[in-house]
Amino acid sequence: MLDSQYHRNYCLNALCTYLKTSFVTVLTLLCIACSFLEAGSGFGSRVASAVCANAGAPWIVQDDSGNAELTAVSSFPTLRTATYNIHSGLGLKHAFYQSRATVEKHLRGIAEAITAQASAPVDVIALNEVDFSARRSGSFDQAQFLARLLKEKSGEHYQVIYGETWHRDTARFEVRFGNAALVRHPVLAATACNYDDTSRCGIPAATADMPPLRATGVVNRIVREARGLIKFTIDFHGQEIDIVVTHLDAFVLPEREAQAAHLLKRFVDPQRTTVVLGDFNAVPTEMTQRRAFFSADRTHDCDPRVS
């Protein structure tokens, strides 16, 4: 009876949240379409066709870190990685609440996909939008649950590395949420932080020439969400490899660009092997150019035809 009442109350509150979100979304699109509240791309106007690094900002094209030498070792084992945005296990459709049984079913499907598509056990799995404990998804640690499933299917033990990006302590609506990594090799070092506060990652502060991580503009402030990353080093058959797992902003274009720039400049050492995984909320160049409101996005891949 209590569970049924809680479910009804949760759905009513979720409906109110959905209506508010829908209103904000419509207002946001109208404002962006009218342009007067939009903070444009750090690289140019939203109405300009996307171009690549030749028109980029100095923090990207004027890299003073030196040129790293790339050495291919054909006999070295292949590092197998996978990356999933699991949407809190709520499924592909928009949902504000699912029973634990339903969420577990979705996560089992993800674990099955990971193990079925790999010819050998995956070495590193990046996860975005993970509920570490949330009423909406059954109040359990989804990262640990996936690690246990993968061990059952592959026989490999996976260590979980957490990167919480936000939490809510409101009674009966508690959420702990963020990024995670599942790793089956020794972890030599690990850290996690939000882009808004990188002090927890123990890296130097951003220099004055770096783009601001908080965009201006009313709409941007309304739709922004805390974003973060995990950085860790693994011992891969005697070779140290740095891994970065991140989830870049979906709606605030200048913040997504800034996050990408800070990630490359401050978290990636060009003298070390680094693998970056996660949901970048970016699509190939041609798709970007066709998307209304996002044509100026520079976090997509570069089109070699652009000169």
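## Reading a sheet and its salt bridges

Guide: In this predicted model, R184 and D123 form a salt bridge, in which the closest N and O atoms are 3.0 Å apart. R184 lies in the loop between β4 and β5 (187-194), while D123 lies in the loop between α3 and β2, so the pair ties together parts that are 61 residues apart in sequence.

Visitor: Is D123 buried or exposed, given its relative accessibility?

Guide: The idea is to compare the relative accessible area with a cut-off, since buried means under 20%. D123 has 2% relative accessibility and therefore counts as buried, whereas its partner R184, with a relative accessible area of 24%, is partly exposed.

Visitor: What share of the residues in the protein chain is buried?

Guide: Of the 307 residues in the protein chain, 39% are buried. The chain exposes about 16,600 Å², and carbon and sulfur atoms supply 56% of that area.

Visitor: How many helices and strands are there in the protein chain, and in what order do the strands of the four-stranded open sheet run?

Guide: The protein chain has seven helices and eight strands. The open sheet of four strands follows the order β1-β2-β4-β3, and its pairing is mixed. At the edges stand β1 (81-85) and β3 (159-168), each of which has a single partner strand, so that one side of each is left without a neighbour in the sheet. From one strand to the next, the twist averages 25°.

Visitor: In what sense do β1 and β2 pair, and in what sense do β3 and β4?

Guide: One reads the sense from the bridges between each pair of strands. The pairing of β1 and β2 is parallel and extends over five bridges; within it, Y84 has L127 in β2 as its bridge partner. The pairing of β3 and β4 is antiparallel and extends over nine bridges, and there Y162 stands opposite A180 in β4. The hairpin of β3 and β4 has six residues between the strands, and in it R172 takes a positive phi near 70°.

Visitor: How should I think about the side chains along such strands?

Guide: In a regular strand, side chains alternate between the two faces of the sheet. A salt bridge between strands can be found here too: the side chains of R176 and E164 meet at 2.8 Å, N to O. R176 is in strand β4 and E164 in strand β3, twelve residues apart, and the pair links distant parts of the chain. R176, with a relative accessible area of 37%, is partly exposed, and E164, at 26% relative accessibility, also counts as partly exposed.

Visitor: Which strands does helix α4 touch where it packs on the sheet?

Guide: Helix α4 (residues 142-154) touches β2, β3 and β4 (175-183), and its direction makes about 130° with that of β2. The helix also supplies K153, whose side chain meets that of E112 in a salt bridge (2.9 Å, N to O). Because K153 lies in helix α4 and E112 in helix α3, the pair ties together parts that are 41 residues apart in sequence. K153 is partly exposed, with a relative accessible area of 41%, and E112 is partly exposed at 41% as well.

Visitor: How many salt bridges does a search of the whole structure find, and which residues are linked in a network of them?

Guide: The search finds 14 salt bridges, and a network of salt bridges links D196, R214, R224 and E255.

Methods:
Residues are numbered from 1 along each chain as its sequence is written. This is a predicted model: local features need pLDDT of at least 70, side-chain atom pairs count only at pLDDT 80 or more; totals for chains, interfaces and linings use all residues. Side-chain values use heavy atoms; hydrogens and water are left out. Helices (H or I, at least four residues) and strands (E, at least two) are DSSP runs, numbered from the N terminus. Buried means under 20% relative accessible area, exposed over 50%, partly exposed in between (1.4 Å probe, protein chains only). Accessible areas come from the Shrake-Rupley method with a 1.4 Å probe; for residues, only the protein chains shown count as cover. Two strands pair if DSSP finds at least two bridges between them. Axes are lines fitted to C-alpha atoms, for helices over the stretch in contact, and angles run from 0 to 180 degrees between N-to-C directions. Contact means heavy atoms within 4.5 Å. A salt bridge is a side-chain nitrogen of Lys or Arg within 4 Å of a carboxyl oxygen of Asp or Glu.
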